[in-house]
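Q: Could you walk me through this one before I set anything up? I would like to go through it piece by piece.

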Amino acid sequence: MIARSARRPGTAIAGADDPSVRRLLTVLLGRYGIPVAETVTADGADSAVEAAWWLGFPVTLVADGPRLAGHRATVRHGLATPSQVRLAYRQLAAMLGSAMTGVRLRRQPQEGAEVVVWITRSRGRSVQVSLALGGPAGALVTTGVTRQAPLSARQARDMLDELRDGSAAERDETAASAAGTEGAPTGDAGPGAPDLAAAPAPCEPAPLDLAALAVLLERVSRLAVAVPEVLELELNPVIVTRCGTAVAGVRGGFRRSRAARAAPGKLRRVS
């Protein structure tokens, strides 16, 4: 199947922030061999520091609140000391006011490339799996790839190859446009847009575990086909390291059952 540019996620999943549904998604992902980084909630600066000690530094802190889903400004990465956690909490509380009901903390995985994996289900119930760069690179490179689920191992690897090639081409085009010339030299990733295939290290390049990312894509596609009640699912970010992948954020939406429709408000889309 031919890949095409993928729609970027972010606005497709709307609604209130429901921790119970996030927990349900986490359990469901675990059953398909896709572990999600452990998350602890806190409702104050001191409890956030205590949670960070329990998880282990460094941590990522995400502001919680019904109207805050998917906003990049609500995330603070790389908090390595109690004072940094406390300051981040107070800054977010001052900026967001009553919209912030608390925070979620998770231990930050080792450095690597960030990607976003998400599924969408059409009205005809066909399911598509999409992949795009995340983090700073995702802000500069909008290219993504999509395949119909379920994915074979070969299709998953093809998605990685096409994302890498498409991202490189888009960076070259952007560089050429910025320089006011055509045919900018290829192979220069530019600042803030790391090559998905390798992450720079002080001594020598350390290849990222793309095989693990391919396996994750396969498993997400199987979940999407086997569990039609999951209408949407977004893993953002997925951090690809030298020794595997780490899912650090989950958003999703479920089809409501007849019982849930009879009792509105019991199950909602969340992020």
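What follows is a conversation about this model, taken topic by topic.

Q: What kind of model is it, and what is the average pLDDT of the chain?
A: The model is predicted, and the chain averages a pLDDT of 79, with 69% of the residues scoring at least 70. Over residues 184–193 the pLDDT is below 50, and that stretch has 16 contacts in the model beyond near neighbours in sequence.

Q: Where else does pLDDT stay under 50?
A: Residues 264–271 also have a pLDDT under 50, and for them the model has 32 contacts beyond four places in sequence.

Q: OK, charges next. How many salt bridges does the structure hold?
A: The structure holds seven salt bridges. One of them is between the side chains of D64 and R22, at 3.9 Å from N to O, and this pair links distant parts of the chain, since D64 is in strand β2 and R22 is in helix α1 (residues 19–31), 42 residues apart.

Q: Are D64 and R22 buried or exposed?
A: D64 is buried, with a relative accessible area of 9%, and R22 is buried as well, at 12%.

Q: Which residue besides R22 is joined with D64 in a network?
A: That residue is R104, whose side chain meets D64 in a salt bridge at 2.9 Å, N to O. This pair also links distant parts of the chain, with R104 in strand β4 (residues 102–107) and D64 in strand β2, 40 residues apart. R104 is buried, as D64 is.

Q: And what about R147, which side chain does it meet in a salt bridge?
A: The side chain of R147 meets that of E162, at 3.7 Å from N to O. R147 lies in strand β7 and E162 in helix α5, so the salt bridge ties together parts that are 15 residues apart in sequence. R147 is buried, with a relative accessible area of 5%, whereas E162 is partly exposed at 30%. Going back to the earlier pairs, salt bridges that share partners join R22, D64 and R104 into one network.

Q: Now R121: which side chain of opposite charge is nearest to it, and how far away is it?
A: The nearest is E229, which is 7.1 Å away, and R121 is buried yet has no salt bridge. With a cut-off of 4 Å between a side-chain nitrogen and a carboxyl oxygen, that pair does not count as a salt bridge.

Q: Then what does the side chain of R121 reach?
A: The side chain of R121, a residue of strand β5 (residues 113–121), has a polar atom 2.7 Å from the backbone oxygen of A224, and it reaches the backbone oxygen of V230 at 2.8 Å. Leaving aside neighbours within four places in sequence, R121 is in contact with S126, V127, A224, V227, P228, V230, L231 and R255.

Q: And L233, how far is its C-alpha from that of R121?
A: The C-alpha atoms of L233 and R121 are separated by 9.5 Å, although the two residues are 112 apart along the chain. L233 lies in strand β10 (residues 230–241) and counts as buried, at 2% relative accessibility. Beyond four places in sequence, the residues that L233 touches include L25, L29, V117, W118, I119 and V250.

Q: Why does A246 count as buried?
A: A246 has a relative accessible area of 19%, and the cut-off for buried is under 20%, so A246 falls within it. A246 lies in strand β11 (residues 244–247) and touches P109, P237, V238 and I239, not counting residues up to four places away in sequence.

Q: Switching to rings, how many aromatic pairs does a search of the whole structure find?
A: The search finds one aromatic pair. The rings of W53 and F57 have their centres 5.1 Å apart and their planes at 85 degrees, so the pair is edge-to-face. W53 counts as exposed, at 58% relative accessibility.

Q: Last topic: which peptide bonds are cis, and where do their prolines lie?
A: One is the bond from F57 to P58, with omega near -5 degrees, and P58 lies in the loop between α2 (45–55) and β2 (59–64). Another is the bond from A149 to P150, with omega near 0 degrees, and P150 is placed in the loop between β7 (144–148) and α5 (153–179). As background, most peptide bonds are trans.

Conventions
Residues numbered from 1 in each chain as written. Predicted model: local features only at pLDDT ≥ 70, side-chain atom pairs only at ≥ 80, totals over all residues. Heavy atoms only, no water. Helix = DSSP H or I, 4+ residues; strand = E, 2+ residues; numbered from the N terminus. Buried < 20%, exposed > 50% of the residue type's maximum accessible area, 1.4 Å probe, protein only. Lys, Arg positive; Asp, Glu negative; His and termini not counted. Polar contact = N/O pair within 3.5 Å; in protein donor to acceptor, adjacent residues only side chain to side chain. Contact = heavy atoms within 4.5 Å. pLDDT = per-residue confidence, 0-100. Phe/Tyr/Trp six-rings, centres within 6.5 Å; stacked < 30°, edge-to-face > 60°.
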